[in-house]
Amino acid sequence: MISRQPLKVRTTEEVLGLISALAVAIFAVIIIALLYFGRDIFVPVALAILLSFVLAPLVAQLQRLRAPRGLAVVSVVVLAFVVIFALGSMLATQLAQLASELPNYQSTMSNKIQSFRDTKAGRGTLERASDMLKDLGKELDKPKEPEARTAGGLRTTTSAPVAPIPVEVRQPDPGALDSLRTLISPLIHPLATTGIIIIFVIFILLQREDLRNRLIRLAGSSDLQRTTAALDDAAFRLSRLFLTQLALNGGFGVVIGVGLWLIGIPSAILWGILAAALRFVPYIGAVIAAAFPLALAAAVDPGWTMLIWTLALFVVVEPLLGHVIEPMVYGRSTGLSPVAVVVSAAFWTALWGPIGLVLATPLTVCLVVIGRHVERLEFLDVMFGDRPALSPPEIFYQRMLANDPTEAAEKAEEYLKERSLIAYCDEVAVKGLQLAQADAERGALAYDRLATIRDAVTELTVDLSDQNDAPAAAGERTTDPEAASAIDDSASNGAVDTLPVLSRESLADGWRSEQPLLCVAGRTPIDEAAAVLLAQLLSAHGLGTKVSGTEALSTANVIKLEPAGIAIACLVYLGHSGVAHMRYSVRRLKRRLPRARVMLVCCAADLDEQAVKALQEATKAELVAASMGEAVKLCIDAAQARTSPPLPSVKLDPTTNVA
């Protein structure tokens, strides 16, 4: 009997998803085909767009000086192409001069090769094998001797070769029209490309606002203010980036050209211009630019001094510009991920050849900036940008799920170069735990996964136990993109960043025990992880703290809590949905710890001042804090006080970090 598997019926959503994915793939193939077969048009257009970004600030400056738009555009474009043609003619002159001098360097290279061979002790195995192969090749290349038959039918070999008949082909003398065609035909394509570029640059600069409005319409005109501001910001950033890149690469070419001229390399201007142009090629541009002067230095100098100086010039200048000057000018990064740079270079080179290799990075920067500001094109920023694909809280949550606190500690240390431990806990760790709490509430996380997250957070706090919460050192900046993204987010959210670190002598009388604070977890292992983080923060500010898990609030275990020396008991929850559980937990802690005050630490983003007051009234807690930073501030204020009056709930102003 044959068993038949039931056919899987796809839902309408799945079918529509497959059709959409297929349509996107077909559209992508069509776009790539158009870029490849239409490269004679698209390459000049791409060059014109990039030149318009470079020239737009100069046009704007002339317009500020009361020059008409048309006159300003034509003047700037003419000046730019005069400079380009001047550089081109200089390159042609240098190439012609170098070509005429190359035969003079042949003897120097031959002498170096011969001297290199003479330094060997005898003939090596490889050289003897090479000679043997050459002899065999000569034997195989000998012509076959013709055969002749005798009268008896026997074959004999004749030794006299048959002399070939010389044939000479003469072409008629070319006429004037043929000579003109031969002269002009190699120039037609470059001149046509240059003309297209000039026309497009002038058109883009003249119709800049109209093109911007059309792009706004394509991007979505529902929010004109936001879209206009985004596109203006993108154009400004791209212009500044390309001008800066042009200035840095031009400066690199000038330094290389002057250095090679001082060393004595022929055609130093040629190599300087080539170095400036090739440095637009990521990673390998400077290496390619160095190869030609190095080879020429070896050919010109009978010794090796010129070669060593040339190598030293590139080895010093390129790292100095790439790792010292560029980070100072660009900031943390140019906005591209290293993988995107390599992939884009391969993609555009395959489409457009060498010119695509030069244009790869500028074109990708354009796509990333547009994707960062236009919502419909956000996928470009995700694919090619250097910003992390996941938010800092999502990265923290993912690392805790994977039970990898070591990597999370490395990211935290990078974050702490610029911000405080409190800011890290509030803006990264707690928000990551809130994501875990949300997954747990909808049943996506089993209890063992929650326990794994709790244990990973505990191990993370151990790794960060030597970190105090003093202000970050001035001038120290992180180079990690994920940490930089978290720093930018915490700065924009006004996270608490400066709270004092207390010494034992500055504590009030009731706070000088070994552990005057008790952090008790609310209901889940995630709450316990948050309690561990709060204990770490309090310890970093000079307040001894111990942690009790969720089981401590049960009727059987609450009596095991030791009340001696406890000044404040912090009841920690992530979220404020279980008000009844909070109220009963506060009541049990008050009964067991009658001399301590109970502070409810409820880490939730939607708790405003009125919600905090309502929560305090519902739970009867003496103190309520809506974040880790508020909880630490309340404890520090209480520890510094000489008397112990009941303190009201405090919520920090995010703009001033003041209560």
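Visitor: Accessible areas come from the Shrake-Rupley method with a 1.4 Å probe; how much does the chain expose?
Guide: The chain exposes about 38,200 Å², and carbon and sulfur atoms supply 63% of this area. This is a predicted model in which local features need pLDDT of at least 70 and side-chain atom pairs count only at pLDDT 80 or more, while totals for chains, interfaces and linings use all residues. Residues are numbered from 1 along each chain as its sequence is written, and side-chain values use heavy atoms, leaving out hydrogens and water.

Visitor: What about secondary structure?
Guide: The chain has 24 helices and 7 strands, taken as DSSP runs (H or I, at least four residues; E, at least two).

Visitor: How much is buried?
Guide: Of the 659 residues, 38% count as buried, meaning under 20% relative accessible area with a 1.4 Å probe.

Visitor: And β3, buried or exposed?
Guide: In strand β3 (residues 517–521), 5 of the 5 residues are buried, so the rest of the structure largely encloses this strand. L517, C519 and A521 cover one side, and L518 and V520 the other.

Visitor: Which strand is joined to β3?
Guide: Strand β4 (residues 545–548) runs parallel to β3, with 4 bridges between them. L518 has K546 of β4 as its bridge partner.

Visitor: New topic: how do α18 and α20 pack?
Guide: Helix α18 (residues 447–463) meets helix α20 (residues 525–540) at about 5 degrees, with axes 8 Å apart. That makes α18 roughly parallel to α20 (under 35 degrees).

Visitor: Which residues make the contact?
Guide: Among them are Y447, L450 and R454 of α18 and P525, E528 and V532 of α20, where contact means heavy atoms within 4.5 Å.

Methods
Axes fitted to C-alpha atoms, helices over the stretch in contact; angles between N-to-C directions. Parallel < 35°, antiparallel > 145°, perpendicular 65-115°, else oblique. Buried < 20%, exposed > 50% of the residue type's maximum accessible area, 1.4 Å probe, protein only. Areas by Shrake-Rupley, 256 points an atom, 1.4 Å probe, with all protein chains shown as cover. Pairing = 2+ DSSP bridges.
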